[in-house]
Amino acid sequence: MEQTERKTCIVCGEPKDEGITIVTEFICTSCESEMVRTSAQDEKYPFFVRQLRQLWVRFHV
Ligand SMILES: [Zn+2]
């Protein structure tokens, strides 16, 4: 286990210890929980969608 390894979150761009990896991309725990709370009406929603779109683009290549 490499628990001290830091990965860069694709949403906030910060190096974080804790989070989830989807395909090859990393999302930190705080961004993940914030995305869960964000509704489609929230002004932050398009930002999250845009960041996550990077995942889908790479995944489908
Ligand atoms: Zn983050």
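1. Start with Glu 5. Glu 5 is partly exposed, because its relative accessible area is 41% and partly exposed lies between 20% and 50%. Glu 5 sits in the segment before E1. Setting aside neighbours within four places in sequence, Glu 5 contacts Lys 16 and Asp 17. Glu 18 is 13 residues away from Glu 5 in sequence. In space, the two are 9.5 Å apart, C-alpha to C-alpha. Keep in mind that this is a predicted model.

2. Now the overall layout. The protein chain has two helices and four strands. Read from the N terminus, the order is β-β-β-β-α-α. The chain has 61 residues, and 23% of them are buried. Take the contacts between residues at least 6 apart in sequence: 22% of these join residues at least 24 apart.

3. Which residues hold the zinc ion? The protein donors are Cys 9, Cys 12, Cys 28 and Cys 31, each through its SG atom. These donors lie 2.3 to 2.4 Å from the zinc ion. Along the sequence, the donor residues follow the spacing C-x2-C-x15-C-x2-C. Two of the donors, Cys 28 and Cys 31, are both buried.

4. Why is the zinc site called tetrahedral? Look at the angles. The four donor atoms subtend 102 to 117° around the zinc ion. Four donors count as tetrahedral if all angles lie between 85 and 135 degrees. The zinc site therefore qualifies as tetrahedral.

5. Next, the largest nonpolar core. This core has 11 residues in all. Cys 9, Cys 28 and Cys 31 are among them. So are Ile 10, Val 11, Phe 26 and Ile 27. Met 35, Phe 48, Leu 52 and Leu 55 complete the core. Strand E4 (25–28), helix H1 (29–37) and helix H2 (45–60) each give two or more residues to this core. The wider tendency is worth knowing: in soluble globular proteins, nonpolar side chains tend to be buried together.

6. Phe 48 deserves a closer look. Phe 48 is buried, because its relative accessible area is 5% and buried means under 20%. Not counting residues up to four places away in sequence, Phe 48 touches Val 11, Glu 34, Met 35 and Thr 38.

7. The structure holds one aromatic pair. The rings of Phe 47 and Phe 48 form this pair, with centres 5.7 Å apart. Their planes meet at 55°, so the pair is tilted. Is Phe 47 buried or partly exposed? Phe 47 is partly exposed, with a relative accessible area of 33%.

8. Check Glu 25 too. Glu 25 lies in strand E4. Is Glu 25 buried or exposed? The relative accessible area of Glu 25 is 10%, so Glu 25 is buried. The Glu 25 side chain makes a polar contact with the side chain of Thr 24, at 3.2 Å.

9. Finish with Glu 14. Where does Glu 14 lie? Glu 14 is in the loop between strand E1 (7–8) and strand E2 (15–16). Glu 14 is partly exposed, with a relative accessible area of 42%. Leaving out residues up to four places away in sequence, Glu 14 touches Lys 7, Thr 8 and Cys 9. Glu 14 and Cys 28 are 14 residues apart along the chain. Their C-alpha atoms are separated by 8.4 Å.

Notes
Residues are numbered from 1 along each chain as its sequence is written. This is a predicted model: local features need pLDDT of at least 70, side-chain atom pairs count only at pLDDT 80 or more; totals for chains, interfaces and linings use all residues. Side-chain values use heavy atoms; hydrogens and water are left out. Donors are N, O and S atoms within 2.8 Å of the metal (3.2 Å for Na, K and Ca); water is not among the atoms, so sites may look incomplete. Four donors count as tetrahedral if all angles lie between 85 and 135 degrees; four count as square planar and six as octahedral if opposite donors are over 155 degrees apart and all others between 65 and 115; anything else is irregular. Buried means under 20% relative accessible area, exposed over 50%, partly exposed in between (1.4 Å probe, protein chains only). A nonpolar core is a set of buried Ala, Val, Leu, Ile, Met, Phe, Trp, Tyr and Cys residues joined through side-chain atoms within 4.5 Å. Contact means heavy atoms within 4.5 Å. A polar contact is a pair of N or O atoms within 3.5 Å; within protein, one must be able to donate a hydrogen and the other to accept it, and residues adjacent in sequence count only if both atoms are side-chain atoms. Rings of Phe, Tyr and Trp (its six-membered ring) pair if their centres lie within 6.5 Å; planes under 30 degrees apart count as stacked, over 60 as edge-to-face and the rest as tilted.
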